[in-house]
Amino acid sequence: MTTAPITPTSLSDPFYYLRNMQQVVHFCLARYGDLWLADERDQLAEVLALSEPAQGLLVRLVMRKGCLFRPDKLVYAEIPNVTAALHELAKAGLVALEPALALSDVCALARREECVQLARHRLPEQAIAASVRKRDLESALLTGTEENPQPLAGWWPHASFTVIELTCRELFDRLRLVFFGNLQQDWSEFVLTELGLQRFEPVPLSEASRPFQHRDEVNAMLALYRLRQRLDSEPVTGLATELPEPVRCEWIEYRRHKLLFQLGREAERQGESALALALHEQSRHREARIRALRLREKCDNPAQVAGLAQQALDDIEQPEARLILGRILQRSAKKAGLTVPAAPALRVPTARLALANPEQHRVEAAVMVHFSNAHTRLFHVENRLFNGLFSLLFWPALFAPVRGAFFNPFQAGPADLYRPGFAEARQGLIDAGFARLASGDYRGLILERFRQKQGVSCAFVHWPSLSEELMELALAIIPAAHLEAVFRHLLLDLRHHRRGMPDLIELNAQTNSYRLIEVKGPGDRLQDHQRLWIRAMLDQGLPVSVCEVSWQA
């Protein structure tokens with residue numbers, strides 16, 4: 001499969017956003033040519049054949065929210081004749097010049113003073129004050145009015161404005177879905193960007209790695225997003241019956257099970273506990289099992305809940321989930337009169353420092369100054385050092401052309417980075433990275449990639465935080481076994497474990513030693529995710545401690 005490369009357009013071109021969108025259309029037609037219906041392909045071809053001003057206006061409309069617009073609000077310097085462009089779009093069937101409107105639509109589009117004129121026209125028997133609030137006008141206009149859609153002239157023959165409707169929103173939503181892989185991202189995130197300002201890792205976009213292989217997969221994803229949008233405004237009891245059927249695509253099934261979980265959470269909020277429990281127990285989302293147990297805590301036999309919590313603990317590896325499950329088990333066992341062993345207490349090496357209060361520096365900087373000397377360098381790294389080292393060692397895995405991972409050439413990482421199954425889908429590449437660690441042949445590789453990939457957008461790397469001095473010192477001093485322990489813990493749950501690591505790293509080139517320091521200022525304490533990291537590090541023999549700082553009077 002061959003797709004034309006998407007090339008940067010300078011922001012000096014007044015139609016730069018149009019150039020970007022044109023390339024998106026060509027890209028999606030080439031990559032998913034077999035997934036478009038004939039009339040959709042024809043319509044997209046017709047879009048590309050329009051005049052430049054008409055295409056530009058269409059893109060401007062597509063980037064805006066909603067489908068109804070006032071032409072008098074469409075003012076763009078590069079489109080001097082908006083009226084002519086609208087008529088061209090109407091002739092192509094992309095906009096309607098006299099759409100059918102509900103009265104609520106008219107009220108939403110009208111300014112307050114225009115609503116006053118509309119109310120005086122439709123409610124001549126009422127005295128309408130010029131200072132009345134818009135929401136009161138809308139309430140008066142809509143009370144007792146049947147919402148039978150009709151053109152604006154039917155509601156208000158002498159309206160002071162006109163309304164047009166974008167009629168191709170569904171086509172462009174489908175285009176947005178296959179390009180981004182979701183409908184959360186807005187067109188403006190891409191088409192208003194000067195693409196040349198960022199560098200992205202080139203990933204082969206092959207036929208086998210296409211996220212969508214069949215049209216019914218695109219349809220299923222669109223249905224999932226539409227259902228999720230309705231969740232904010234409709235009762236969950238009706239929506240729960242409309243979930244699309246499963247499809248034979250793992251990453252789309254992940255989205256379906258996530259929506260099941262979201263429906264369950266909304267059912268909890270709406271007081272539909274039985275429905276919420278049923279939805280959570282259908283879902284394979286990683287948090288659904290915990291929510292189901294919490295619901296069962298409220299109504300089931302405590303001994304039964306304790307048994308289910310223990311079973312979940314036997315099945316689940318992720319430390320964050322195990323922490324919550326352990327608490328559910330302890331609570332339920334206590335209610336049932338059962339005894340279960342408590343998790344061993346975390347004994348953290350702790351130092352206490354009384355330092356002069358620096359008025360312009362954070363507490364971490366004060367600790368760095370305190371411990372620094374001629375042979376000891378301290379760096380404020382938090383999560384950035386180990387995340388960066390991980391990314392550089394496993395760079396081929398992060399940017400592997402796995403199905404459902406890369407939708408377009410402008411991704412800073414795979415779309416499945418935080419999904420269950422990320423490592424399993426790349427097991428060979430992950431194993432190869434750990435083999436380099438085990439062989440000792442990894443320092444030169446990581447430093448070479450650090451220099452070669454500098455500035456390439458990567459979701460797991462914060463380049464400004466990684467100096468060459470830090471990288472060289474860390475790789476020279478930190479043992480491979482310690483790096484392996486950190487990386488394996490990261491892979492247990494990339495979403496949660498990418499944060500919570502100690503604030504500082506202390507590196508001593510003379511003694512070839514290091515330590516990790518979590519700094520806590522006055523009134524601060526360890527959070528759960530920090531305690532989990534410290535426990536994991538201590539279990540693997542990493543030198544980690546907490547430094548509690550108080551300020552001298």
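In this predicted model, the count of enclosed cavities of 30 Å³ or more comes to 3, and the largest cavity holds about 60 Å³ of space. Open pockets are also present, with about 1400 Å³ in the largest pocket and about 980 Å³ in the second largest pocket. Two helix pairs are described after these spaces, H11 with H13 and H22 with H23.

**Cavities**

- The lining of the largest cavity, a space of about 60 Å³, is made up of Leu18, Met21, Gln22, Val25, Val47, Leu48, Gln55, Leu58, Val59 and Phe172.
- Helix H1 (16–31), helix H2 (38–49) and helix H3 (52–63) each contribute at least two residues to the lining of the largest cavity, and the largest share, 4 residues, comes from H1.
- By class, the residues around the largest cavity divide into 8 nonpolar, 2 polar and no charged.
- The second largest cavity contains about 40 Å³ of space and is lined by Tyr32, Leu35, Trp36, Arg174, Val178 and Val218, a set with 5 nonpolar, no polar and 1 charged residues.

**Largest pocket**

- The largest pocket, with about 1400 Å³ of space, is lined by 49 residues, of which Arg286, Gln318, Arg419, Pro420 and Gly421 are the closest to its centre.
- Two or more lining residues of the largest pocket come from each of helix H13 (250–269), helix H15 (288–299), helix H17 (319–336), helix H21 (427–439), helix H24 (480–492), helix H25 (494–497) and helix H26 (528–539), and H13 gives the largest share, 7 residues.
- The lining of the largest pocket comprises 20 nonpolar, 7 polar and 22 charged residues.

**Second largest pocket**

- The second largest pocket, with a volume of about 980 Å³, has a lining of 37 residues, and those nearest its centre are Phe180, Asn182, Gln184, Gln185 and Arg255.
- Helix H9 (169–180), helix H10 (188–191), helix H11 (215–230) and H13 each supply at least two residues to the lining of the second largest pocket, while H13 also contributes to the lining of the largest pocket.
- By class, the lining of the second largest pocket has 19 nonpolar, 11 polar and 7 charged residues.

**Packing of H11 with H13**

- The axes of H11 and H13 lie 11 Å apart and make an angle of about 20 degrees; the two helices are therefore roughly parallel to each other, and their crossing is left-handed.
- On the H11 side the contact involves Glu217, Met221, Leu224, Tyr225, Leu227 and Arg228, which meet Trp251, Ile252, Arg255, Arg256, Leu259 and Gln262 in H13.
- The contact of H11 with H13 has 7 nonpolar, 1 polar and 4 charged residues, and one of the H13 residues in this contact, Arg255, is also among those nearest the centre of the second largest pocket.

**Packing of H22 with H23**

- Helix H22 (residues 443–452) and helix H23 (residues 468–477) pack with their axes 10 Å apart, at an angle of about 165 degrees; H22 and H23 are therefore roughly antiparallel to each other, and their crossing is right-handed.
- The residues in contact are Arg443, Ile446, Leu447, Phe450 and Arg451 of H22 together with Glu468, Met471, Glu472, Leu475 and Ala476 of H23.
- Sorted by class, the contact of H22 with H23 has 6 nonpolar, no polar and 4 charged residues.

Notes:
Residues are numbered from 1 along each chain as its sequence is written. This is a predicted model: local features need pLDDT of at least 70, side-chain atom pairs count only at pLDDT 80 or more; totals for chains, interfaces and linings use all residues. Side-chain values use heavy atoms; hydrogens and water are left out. Axes are lines fitted to C-alpha atoms, for helices over the stretch in contact, and angles run from 0 to 180 degrees between N-to-C directions. Angles under 35 degrees count as roughly parallel, over 145 as roughly antiparallel, 65 to 115 as roughly perpendicular and the rest as oblique. A crossing is left-handed if the near helix is turned anticlockwise from the far one by less than a right angle, and right-handed if clockwise. Contact means heavy atoms within 4.5 Å. Ala, Val, Leu, Ile, Met, Phe, Trp, Tyr, Cys and Pro count as nonpolar, Asp, Glu, Lys and Arg as charged, and the others, Gly among them, as polar. On a 1 Å grid over the protein atoms alone, a cavity is a set of points where a 1.4 Å probe fits but cannot get out, and a pocket is an open set with protein on both sides within 12 Å along at least five of seven lines; lining residues have an atom within 4 Å of a point. Grid points are joined across faces, edges and corners, and a volume is the space filled by probe spheres set on the points.
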